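Please look through the sequence and the model shown here before reading on. The report after them is written for someone meeting this structure for the first time.

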Amino acid sequence: MKFVHIAVAVLLAAAPIAIQGAIHTNWVVVVGTDTGYPSATLDLINTGSAALESEQHDDYESYTGATGTSSPTNLNDGTTGGDNIVGDIALDLSNGWTSTYILDTTTARAGYHVTKIQTICGWTAPLGDQRYEVFYSTASAPDSFISIGSFACSTNVPSDQYTTRITITDDDDDGDADYEDGIVASNTKKIRFVFDNIPGYDYTACYREMDVFGDPAPTGTMIVVR
Ligand SMILES: [Ca+2]
Ligand SMILES: [Ca+2]
Ligand SMILES: [Ca+2]
Ligand SMILES: [Ca+2]
């Protein structure tokens, strides 16, 4: 019998450890307007962001009304839009849809640490109530999606116009009651939103912006010793 001994050690040198704790989420609502919260223009997936490589929308069927045609491009154009303007929202009345944002890892080779996601929705009740699931994949496994969680708000606003905003952050579990000091998604290559229809209504909701905040993940030096 022949024994071959090969010692292989892979060292990730001095890369800070990504801290991922419990996901923290909350939602807020403002009544009387369906554009009540501002959208970010400088987040990772915003149109024109250097971090955004491309985007893909699957199973999206647009809706056309008197004030325009809905489009998923409204999700990252940096504006909440105008009250009652169909052309400023993403709305699909046919079984929801999936939007995937692919981040550029040419320079940020280890992907991005996502630290916060905020999503803004607004219309006349009940079409301002959000419901979706978020997934991400990593730079090392770009087609393997991991669920961050399912998120929803149920406002019970009777009839008026209203705007909702869901905020998703991460508590790094250090006990300091700061719920935004962790990492929502580590080493991210793709971020995916799956929008469902809301049970009880033959509608989805009127989404106005999805903002994804974060920074390039530190790149470690890989040393292989034989
Ligand atoms: Ca928008
Ligand atoms: Ca944005
Ligand atoms: Ca659809
Ligand atoms: Ca904390």
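The sections below go from the whole chain to its strands, its core and two selected residues.

## Model and confidence

The structure is a predicted model, and its average pLDDT across the protein is 89, with 87% of the residues scoring at least 70. Some caution is due for residues 3-16, where pLDDT stays under 50 and where the model has 16 contacts beyond four places in sequence.

## Overall make-up

The protein has 13 strands and 0 helices, so that, read from the N terminus on, its elements run β-β-β-β-β-β-β-β-β-β-β-β-β. Of its 226 residues, 37% count as buried. Among the contacts that link residues at least 6 apart in sequence, 78% join residues that are at least 24 apart.

## Pairing around strand E7

Strand E7, which covers residues 112-124, pairs with several other strands, and the antiparallel sense recurs in the pairings described here. With E12 it is joined by 9 bridges, and within that pairing Lys116 stands opposite Phe213 of E12. With E10 there are 8 bridges, again in an antiparallel arrangement, and Thr119 has Ile166 in E10 as its bridge partner.

The pairing of E7 with E11 is antiparallel as well and extends over 2 bridges; here the bridge partner of Tyr112 is Thr188 in E11.

## The E8-E9 hairpin

Strands E8 and E9 are joined by a hairpin through 2 residues, and they pair in the antiparallel sense over 7 bridges. In this pairing Tyr136 stands opposite Ile146, which belongs to E9. Is strand E9 mostly buried, or does it lie largely in the open? Of its 12 residues, which are residues 141-152, the number buried is 1, and therefore E9 lies largely in the open.

## The largest nonpolar core

The largest nonpolar core holds 38 residues, and among these Val114, Ile191 and Cys206 touch the most other members. At least two residues of this core come from each of the strands E6 (97-103), E7 (112-124), E8 (131-138), E10 (161-171), E11 (185-195) and E12 (207-216). Which strand gives the most to this core? That strand is E7, which contributes 6 residues.

## Cys206 and Gly214

Cys206, one of the three residues that touch the most other core members, has a set of contacts that can be listed if residues up to four places away in sequence are left out. On that basis Cys206 touches Ile89 and Leu91, then Cys121, Gly122 and Trp123, and finally Leu127 and Gly128.

Gly214 is placed in strand E12. It counts as buried because it has 24 C-beta neighbours inside 10 Å, where 20 or more are needed for a residue to be buried. Leaving aside residues up to four places away in sequence, Gly214 touches Leu44 together with Tyr112, His113, Val114 and Thr115. Of these partners, Val114 was named above among the core residues that touch the most other members. Gly214 and Lys116 are 98 residues apart along the chain, yet the separation of their C-alpha atoms is 6.8 Å; Lys116 is also the residue that stands opposite Phe213 in E12.

Terms used. Residues numbered from 1 in each chain as written. Chains lettered and ligands numbered in written order. Predicted model: local features only at pLDDT ≥ 70, side-chain atom pairs only at ≥ 80, totals over all residues. Core = buried A, V, L, I, M, F, W, Y, C linked by C-beta atoms within 7 Å. Helix = DSSP H or I, 4+ residues; strand = E, 2+ residues; numbered from the N terminus. Contact = placed C-beta atoms within 7 Å. Pairing = 2+ DSSP bridges. pLDDT = per-residue confidence, 0-100.
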